[in-house]
Amino acid sequence: MVPLSFRKIAERLKQTPLPAVDVVIGIGSGGIVPASMAAFHLGAELQVMVLNYRDDQNTPRFSEPKVLQKPGGELEGKRILLVDDVSVSGKTMNKALEQLKGLDVKTLAMKGKADYVLFPEIKECVQWPWKP
């Protein structure tokens, strides 16, 4: 397991040429802390979209992710960055993107597949600083 610190994540955020955005949406629960860091770094509003797919042991609970909470407010005409910690299969990210269809959305993952990936070199499991 690869340990990552808040400092390392913050340094990588500064090094990554992210787009200018108005709103950062974190996919709950794993994407909330990285989305908070990205929103602070980009000077953008932070919102949360809660989806449930995997349990604490990373085993799928359902055949597909379920949307439990959508972001609030008007998103039309805003540039959006959708953030999750990991996007390997893309199921959760794609389900979140379905909710934002027709909007100007780019994706960011700490590792895995997205428009922007902070740690593309990491293929193993990660010990995130926000998960004990």
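This briefing covers the confidence, the sheet, one helix, two single residues and the aromatic rings of the structure above. The model is predicted. Its chain averages a pLDDT of 92, and 95% of the residues score at least 70. Six strands form an open sheet with mixed pairing. Helix H2 packs on that sheet. Three aromatic residues, Phe6, Trp128 and Trp130, form one cluster.

**Confidence**

- Among the elements of the chain, E4 has the lowest mean pLDDT, at 87.
- Strand E7, residues 116–117, has the highest mean pLDDT, at 98.
- Where pLDDT is low, predicted coordinates should not be read in detail.

**The sheet**

- The strands follow the order E4-E3-E2-E5-E6-E7.
- E4 and E7 are the edge strands, and each of them pairs on one side only.
- E7 runs parallel to strand E6, which spans residues 104–112. Two bridges join E6 and E7.
- Leu108 has its bridge partner in E7: Tyr116.

**Helix H2 on the sheet**

- H2 covers residues 32–42. It touches strands E2 (23–28), E3 (45–52) and E5 (79–87), and also E6.
- The direction of H2 makes about 170 degrees with that of E2.
- The buried residues in H2 are Pro34, Ala35, Met37, Ala38 and Ala39.
- Their cover includes helix H1 (6–15) as well as E2, E3, E5 and E6.
- Gly43 follows H2. The phi of Gly43 is positive, near 65 degrees.

**Gln69, in an edge strand**

- Gln69 lies in strand E4, which runs over residues 66–69. E4 is one of the edge strands of the sheet.
- Gln69 has a relative accessible area of 41%, so the residue counts as partly exposed.
- Setting aside residues up to four places away in sequence, Gln69 touches Val48, Met49 and Val50.
- Gln69 and Val50 are 19 residues apart in sequence. Their C-alpha atoms are 4.8 Å apart in space.

**Asp85, in strand E5**

- Asp85 is found in strand E5.
- The relative accessible area of Asp85 is 7%, so the residue is buried.
- Leaving aside neighbours within four places in sequence, Asp85 contacts Gly30, Gly31 and Pro34. Pro34 is one of the buried residues of H2.
- Contacts of Asp85 also include Ala109, Met110 and Lys111.
- Trp128, Trp130 and Lys131 are in contact with Asp85 too.

**Aromatic rings**

- A search of the whole structure finds two aromatic pairs.
- One pair is Phe6 with Trp130. Their ring centres are 6.0 Å apart and their planes stand at 45 degrees, so this pair is tilted.
- This pair links distant parts of the chain, 124 residues apart. Phe6 sits in helix H1, and Trp130 in the segment after strand E8 (126–127).
- Phe6 is partly exposed, because its relative accessibility is 38%.
- Trp130 is buried, because its relative accessible area is 17%.
- Trp128 and Trp130 make up a pair as well. Their ring centres are 5.1 Å apart and their planes are at 15 degrees, so the pair is stacked.
- Trp128 is buried, like Trp130.
- Together, Phe6, Trp128 and Trp130 form one aromatic cluster. Two of these residues, Trp128 and Trp130, are also in contact with Asp85.

Conventions. Residues numbered from 1 in each chain as written. Predicted model: local features only at pLDDT ≥ 70, side-chain atom pairs only at ≥ 80, totals over all residues. Heavy atoms only, no water. Helix = DSSP H or I, 4+ residues; strand = E, 2+ residues; numbered from the N terminus. Buried < 20%, exposed > 50% of the residue type's maximum accessible area, 1.4 Å probe, protein only. Contact = heavy atoms within 4.5 Å. pLDDT = per-residue confidence, 0-100. Pairing = 2+ DSSP bridges. Axes fitted to C-alpha atoms, helices over the stretch in contact; angles between N-to-C directions. Phe/Tyr/Trp six-rings, centres within 6.5 Å; stacked < 30°, edge-to-face > 60°.
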